[in-house]
Amino acid sequence: MQIELELNGHQRTFDVSKSDVLLDVLRRNGYTGPKRGCDTGACGMCTVQIDGEPAMSCVTPVTKAADASVETIEGLGKQDDLHPIQEAFVDNSALQCGFCIPGMIMRSKALLEENPDPTETEVREALADNLCRCTGYKKIVEAVLDAADRMDGDAALATDGGTDAPDCVGSTCSCEEGNSL
């Protein structure tokens, strides 16, 4: 069977099986941003947006995406023209292996569209369904807060493109502080 949907702003038609989940269809068609983590919707690595709402694509029947608007990380920005959320993740060193980052960014985008000025607690609550095994979440939370400022136009950028506030001063580095959500 075929389904039609809007994917990253473009109308697309896909050949699917009624039993397919959205993640499988996306990855089969070259959209490798959403990652396969748990296959139960518990880790958030496969997060995409469907009609503006975050969704775990590993447990979303592809038929639910028919005639919907689906956005993946590939629809946000390109290497030479990153979305402000992607820029903030890079500038705040909010990634390590990168496996969970597409889902984190898509969840962050949904948060910032709903709440453009979240508190740290609100960011942590919004990202609670997205797991990261490499970082302590501190940098990720800082990146989302920075992205909120950038999207609001309030962020001060240094001449090198990074933020004016350094992460490390002397031998003291903020990455050693609190590492849990």
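# A tour from D117 to S93

Begin by selecting D117, which is exposed at a relative accessible area of 61%; here exposed stands for over 50%, buried for under 20% and partly exposed for what lies in between, with a 1.4 Å probe and protein chains only. The model on screen is predicted, and therefore local features need a pLDDT of at least 70 and side-chain atom pairs count only at pLDDT 80 or more, while totals for chains, interfaces and linings use all residues. Residues are numbered from 1 along each chain as its sequence is written, and side-chain values use heavy atoms, with hydrogens and water left out.

**The whole chain**

Before going further, zoom out and colour the protein chain by secondary structure, which comes to 5 helices and 7 strands; both are DSSP runs numbered from the N terminus, a helix being H or I over at least four residues and a strand being E over at least two. Followed from the N terminus, the elements are arranged as β-β-α-β-β-β-α-α-α-α-β-β. The chain has 181 residues, of which 44% count as buried.

**The negative patch**

Return to D117, whose place is the loop between α3 (101–114) and α4, and add E122, E125, D149 and D152 to the selection, since together these five form a negative surface patch. Such a patch is made of residues with over 30% relative accessible area and no salt bridge, like charges being joined within 9 Å, while nonpolar side chains (Val, Leu, Ile, Met, Phe, Trp, Tyr) are joined within 5 Å. Asp and Glu count as negative and Lys and Arg as positive, with His and the chain ends not counted, and the charge is placed at CG of Asp, CD of Glu, NZ of Lys or CZ of Arg. The accessible areas come from the Shrake-Rupley method with a 1.4 Å probe, and for residues only the protein chains shown count as cover. Which helices supply at least two residues each to the negative patch? They are α4 (120–126) and α5 (138–152).

Now select P118, which also has its place in the loop between α3 and α4. Is P118 buried or exposed? P118 counts as buried, at 6% relative accessibility. Show L145 as well, and compare two separations: from P118 it is 27 residues in sequence, and 7.2 Å in space from C-alpha to C-alpha.

**Salt bridges**

The structure holds 11 salt bridges, each being a side-chain nitrogen of Lys or Arg within 4 Å of a carboxyl oxygen of Asp or Glu. Select E120 and R124, whose side chains meet in one of them at 3.0 Å, N to O. Both residues lie in helix α4, 4 residues apart, about one turn of the helix. E120 is partly exposed at 43% relative accessibility, whereas R124 is buried at 17%.

Move next to R150, which is buried at 13% relative accessible area and forms a salt bridge with D146, their closest N and O atoms being 2.9 Å apart. R150 and D146 are separated by about one helical turn, because they are 4 residues apart in helix α5, and D146 is buried at 9%. R150 also meets E87 in a salt bridge of 3.7 Å, N to O. This pair links distant parts of the chain, 63 residues apart, with E87 in helix α2 (residues 84–91) and R150 in helix α5. To finish this stop, add D91 to the selection, as E87, D91, D146 and R150 are linked in a network of salt bridges.

**Cysteines**

How many disulfides does a search of the whole structure find? The search finds 0 disulfides, where a disulfide is a pair of cysteine sulfur atoms within 2.5 Å. Select C58 and C46: the sulfur of C46 is the closest cysteine sulfur to that of C58, but at 3.7 Å it is too far for a bond. C97 is likewise in no disulfide, with its nearest cysteine sulfur, in C134, 3.7 Å away. C58 is buried at 7% relative accessible area, while C97 counts as exposed at 56%.

**Two positive phi angles**

Most residues other than glycine have a negative phi. Select N8, which is not a glycine and yet has a positive phi of about 50°. N8 sits in the loop between β1 (2–7) and β2 (10–15) and is buried, at 18% relative accessible area. The last selection is S93, in the loop between α2 and α3, where phi is positive and near 50° in a residue other than glycine. S93 is partly exposed, with a relative accessible area of 45%.
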